[in-house]
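Reader: Hello! I would love a close look at one part of this protein, with its surroundings.
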Amino acid sequence: MLMNTWHGTPIKGMGKYMGGQYGQWDNVMRSFLMSDYIISPNKYTTDIIADSYDLNGIYDGKILEIGYPRIDLIKSTDKQTMIDFLSQNNIKINPDKKTLLYAPTWRGQDANRKDMTEEFKQNVNLIKESLPDGWQLLAKAHQLVYDKISKEKELADILIANSVDTSELLSVVDGLVTDYSSILFDYYITGKPVILWAYDLDEYKADRGLLLDLD
């Protein structure tokens, strides 16, 4: 038995609705077709997956709308244990301050990913300059662009490693800044603030495409 857990409630274009080279989604489609079960968090995601990856009429498995097990970690992770773990990885969190996480998605296409290093650093600096007293910043780069960004020494004390589970990380976060990432839906269960910083909205819509109106 093969189970595909996928991830996220989609905001950006998926599969055949994603800008760029035709057929670049074939490996994902293959993974879905090989699965006996696909885990989905809601009917909206079920419909998007089935349509975007042309599963309708040919997928003979079952899509189970049962939520994502990883979301449970946001509420079940012990906060102090996570803070101690981050400290062991050179990320120091001041318990007397609130923590804001900056976690944007990547840019470009599967076949041509944009180097976001400078853009990421500039955005981090802008957020730092805007933080009110009593707040501290952490940053999480998308796993597809992390390798390049992780080489920047000036980010070493706030950049979360790819090896850190994002859901466990969200358990210690008091606010989230993101853009077109499905992390915003994951974090909604906390009831804490989410800021959508879509500074390149028109460009992103033209390049990747959006399934939802951010307004």
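Reader: Which order do the four strands of the open sheet have, and is the pairing parallel or antiparallel?

Author: Happy to help! This is a predicted model, in which local features need pLDDT of at least 70, side-chain atom pairs count only at pLDDT 80 or more, and totals for chains, interfaces and linings use all residues. Residues are numbered from 1 along each chain as its sequence is written, and side-chain values use heavy atoms, with hydrogens and water left out.

The strand order is S7-S4-S8-S9, and the pairing is parallel. Strands (E, at least two residues) and helices (H or I, at least four) are DSSP runs, numbered from the N terminus; two strands pair if DSSP finds at least two bridges between them. S7 (135-139) and S9 (194-196) are the edge strands, each with a single partner, so one side of each has no neighbour in the sheet. From one strand to the next, the twist averages 20 degrees, using lines fitted to C-alpha atoms and angles from 0 to 180 degrees between N-to-C directions.

Now to S4 and its partner. Three bridges join S4 (residues 98-102) to S8 (residues 175-178) in the parallel sense, and Tyr102 stands opposite Val177 in S8. Leu101 touches, among others, Leu138, Leu169 and Val177, leaving aside residues up to four places away in sequence; contact means heavy atoms within 4.5 Å.

Leu101 is also among the residues with the most contacts inside the largest nonpolar core, which has 32 residues. Such a core is a set of buried Ala, Val, Leu, Ile, Met, Phe, Trp, Tyr and Cys residues joined through side-chain atoms within 4.5 Å, where buried means under 20% relative accessible area (1.4 Å probe, protein chains only). Helix H4 gives this core its largest share, three residues.

Technical notes:
Buried means under 20% relative accessible area, exposed over 50%, partly exposed in between (1.4 Å probe, protein chains only).
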